[in-house]
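Me: Please take a close look at a single helix of this protein and at what lies around it. I should like one connected account that I can follow against the structure.

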Amino acid sequence: MPNENEKTQSSVKSFLFREILSQDFKDWMDAKDHNGMHLIRRNEWISGCELLAQWNKECLKRSRFATTSNMFSKMIKKYANLRGIDFLTNKSNGQKYYALINDMNGSIL
């Protein structure tokens, strides 16, 4: 059983990892192309599996651990809340879909 010092070190490492990962995630979600459009599409349904695969590919480029689907969902919710945009989820045929809505009329393509 870990002693108190080991627990503290573990929780500090975990916190630092989440904070660093969080900044990388925000940068990735905020990235735009040369036309000023978000690379992660807004106002339309996006396959959760596809998006997770893209993020995990980015993690490999940055020498980071891959993210689980559960943690990824939490990260997107946190990101949407931080940016003040709506986050919707849907499930169809066992597949998760996400939508980040920042359009004033809230329409989804």
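Reply: Ser 63, just after helix H2, takes a positive phi of about 55° in this predicted model. The helix that precedes this residue is the part to examine. H2 runs over residues 48-61, which makes 14 residues. From the first C-alpha of H2 to the last is a reach of 20 Å, close to the 20 Å expected at 1.5 Å a residue.

The two sides of the helix may be taken in turn. The buried residues of H2 are Gly 48, Leu 51, Leu 52, Trp 55, Asn 56, Glu 58 and Cys 59. Because these buried residues fall within an arc of 155° when seen down the axis of H2, they line one face of the helix. The face of H2 turned away from that buried side carries Lys 57, Leu 60 and Lys 61, which are exposed.

One residue of the buried set deserves a closer look. Asn 56, placed in helix H2, has a relative accessible area of 16%; this value is under 20%, so Asn 56 counts as buried. When its neighbours within four places in sequence are left aside, Asn 56 is in contact with Ala 66 and Thr 67.

Further along the chain comes helix H3, which spans residues 69-83 and has 15 residues. Its first and last C-alpha atoms are 21 Å apart, close to the 21 Å expected at 1.5 Å a residue. In H3, the buried residues are Phe 72, Ser 73, Met 75, Ile 76, Tyr 79 and Ala 80. They cover an arc of only 160° around the axis, and therefore sit on the same side of H3. Asn 70, Lys 78, Asn 81 and Leu 82 are exposed on the face of H3 turned away from its buried side. After H3 comes Gly 84, with a positive phi near 70°. A positive phi thus appears in the description of both helix ends, at Ser 63 just after H2 and at Gly 84 following H3.

A pocket completes the account. The second largest pocket holds about 150 Å³ of space. Its lining is made up of Met 37, His 38, Ile 40, Arg 41, Arg 42, Asn 43, Glu 44 and Asn 102. By character, these lining residues divide into 2 nonpolar, 3 polar and 3 charged.

Methods
Residues numbered from 1 in each chain as written. Predicted model: local features only at pLDDT ≥ 70, side-chain atom pairs only at ≥ 80, totals over all residues. Heavy atoms only, no water. Helix = DSSP H or I, 4+ residues; strand = E, 2+ residues; numbered from the N terminus. Expected span 1.5 Å × (residues − 1). Buried < 20%, exposed > 50% of the residue type's maximum accessible area, 1.4 Å probe, protein only. Arc of directions from axis to C-beta. 1 Å grid on protein atoms, 1.4 Å probe; cavity = no way out; pocket = protein on both sides within 12 Å on 5 of 7 lines; lining within 4 Å. Points joined across faces, edges and corners; volume = space filled by probe spheres on them. Nonpolar A, V, L, I, M, F, W, Y, C, P; charged D, E, K, R; others polar. Contact = heavy atoms within 4.5 Å.
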